[in-house]
Amino acid sequence: MNGKEAAGRKAIDEISDGMTVGLGTGSTVYYFLQALAEKMADGLSVTGVATSEKTVALAKEWNIPMVSLNSVSRIDVTIDGADECDPSLDGIKGGGGALLYEKLVAKASEKRIWIVDDRKKVEQLGHFPLPVEVIPFGWKKVQALMENKQYHPALRRNETGEPFITDAGHYILDLHLEKIQNAAALADELDHVTGIVEHGLFVDMTDKVLIGYPDGHIETIART
Ligand SMILES: O=C(CO)[C@H](O)[C@H](O)COP(=O)(O)O
């Protein structure tokens, strides 16, 4: 057991029969999907809405029925990972490149729960590079703007050195900020830059965080 596995498996307690569940992306969500598949083999019935092609593939492998975001009127709960989470339950997501679909699914959800290991818990956001999804057309203009603002953008690349392409066909600029003084203000600023499709700041969007520790225990922080 490690912290990610502990948190991922604990999230199964949030799921009831008949729910429509948003399925996040990443190595912590992997453990949640595994636990979900086990429960479904025992008779639990849920429908999933995936946040990435990777999650679609895992869900198919584990026979978790999937529907598209367009075809559901509501999602009961979404279980997703995060790259950093601060004491107000704001965070950075998109380390796996799925931030756009993750935010769309999160916004369509009644309840949003993050599963993280203890290394993701921070006092202040920003040490983890902030992913910003940009359209390929003219992306260097957005990069130049981010450079002018001293946001230290770096184009994300894959193992072969090519630009990383998101499931929606966009590029990612990772902003090396070190410290984010005001997450809401930065989110608002990035929301208004032409060419930026989405960013990985999730502000006021999470209801509960399950933090897993290496010894298997869980710390729960809920929005009050
Ligand atoms: O935002 C994400 C993907 O876009 C992930 O939730 C985040 O990167 C955490 O991943 P992991 O659980 O593998 O550490």
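Two strands are taken to pair if DSSP finds at least two bridges between them. With that criterion in hand, Thr20 can be placed opposite Thr47 in E2. This pair of threonines belongs to a predicted model, and a walk through its sheets, helices, domains and ligand shell follows.

Confidence comes first. The mean pLDDT of the chain is 97, and 100% of its residues reach 70 or more. At the level of the whole model, the scores are ipTM 0.98 and pTM 0.97.

The chain is divided into domain 1, covering 3–122 + 203–216, and domain 2, covering 130–198. Their centres, taken over C-alpha atoms, are separated by 24 Å. Where the two domains meet, 13 residues from domain 1 and 13 residues from domain 2 take part in the contact. On the side of domain 1 that touches domain 2, helix H4 gives the largest share, with four residues. Sorted by class, that side of domain 1 has six nonpolar, four polar and three charged residues.

Next come the sheets. One of them is an open sheet of six strands in the order E2-E1-E3-E6-E12-E13, with mixed pairing. Strand E2 (47–50) and strand E13 (218–222) are its edge strands, each pairing on one side only. On average, neighbouring strands here are turned by 20° against each other, direction ignored. Strand E1, residues 20–23, runs parallel to E2 and is joined to it by four bridges; Thr20 and Thr47, introduced above, face each other across these two strands.

Two helices can be described against this six-stranded sheet. Helix H1 (residues 3–10) lies across strand E6 (109–117), strand E12 (208–212) and E13, and runs at about 140° to E12. Helix H2 lies across E1, strand E3 (75–80) and E6, with an angle of about 115° to E6. E6 is thus crossed by H1 and by H2.

A further open sheet has four strands in the order E8-E9-E7-E10, and here the pairing is antiparallel. Strand E8 (153–155) and strand E10 (196–199) each have a single partner strand, so one side of each is left without a neighbour in the sheet. Neighbouring strands of this sheet are turned by 30° against each other on average, direction ignored. Strand E7 (residues 130–134) and E10 run antiparallel and are joined by three bridges, and Val132 stands opposite His199 in E10. Helix H4 lies across E7 and E10, running at about 70° to E10. H4 therefore offers a handy link between topics: besides crossing these strands, H4 supplies residues to the domain contact described earlier.The ligand brings some of these elements together. Of the 17 residues around the ligand, Gly26, Thr28, Gly81, Gly95 and Gly96 come nearest. Helix H2 (27–41) and helix H4 (99–107) each supply at least two residues of the shell. By class, the shell around the ligand has three nonpolar, ten polar and four charged residues.

Terms used: Residues numbered from 1 in each chain as written. Predicted model: local features only at pLDDT ≥ 70, side-chain atom pairs only at ≥ 80, totals over all residues. pLDDT = per-residue confidence, 0-100. Near = placed C-beta within 6 Å. Nonpolar A, V, L, I, M, F, W, Y, C, P; charged D, E, K, R; others polar. Domains from an automatic or database assignment. Contact = placed C-beta atoms within 7 Å. Axes fitted to C-alpha atoms, helices over the stretch in contact; angles between N-to-C directions.
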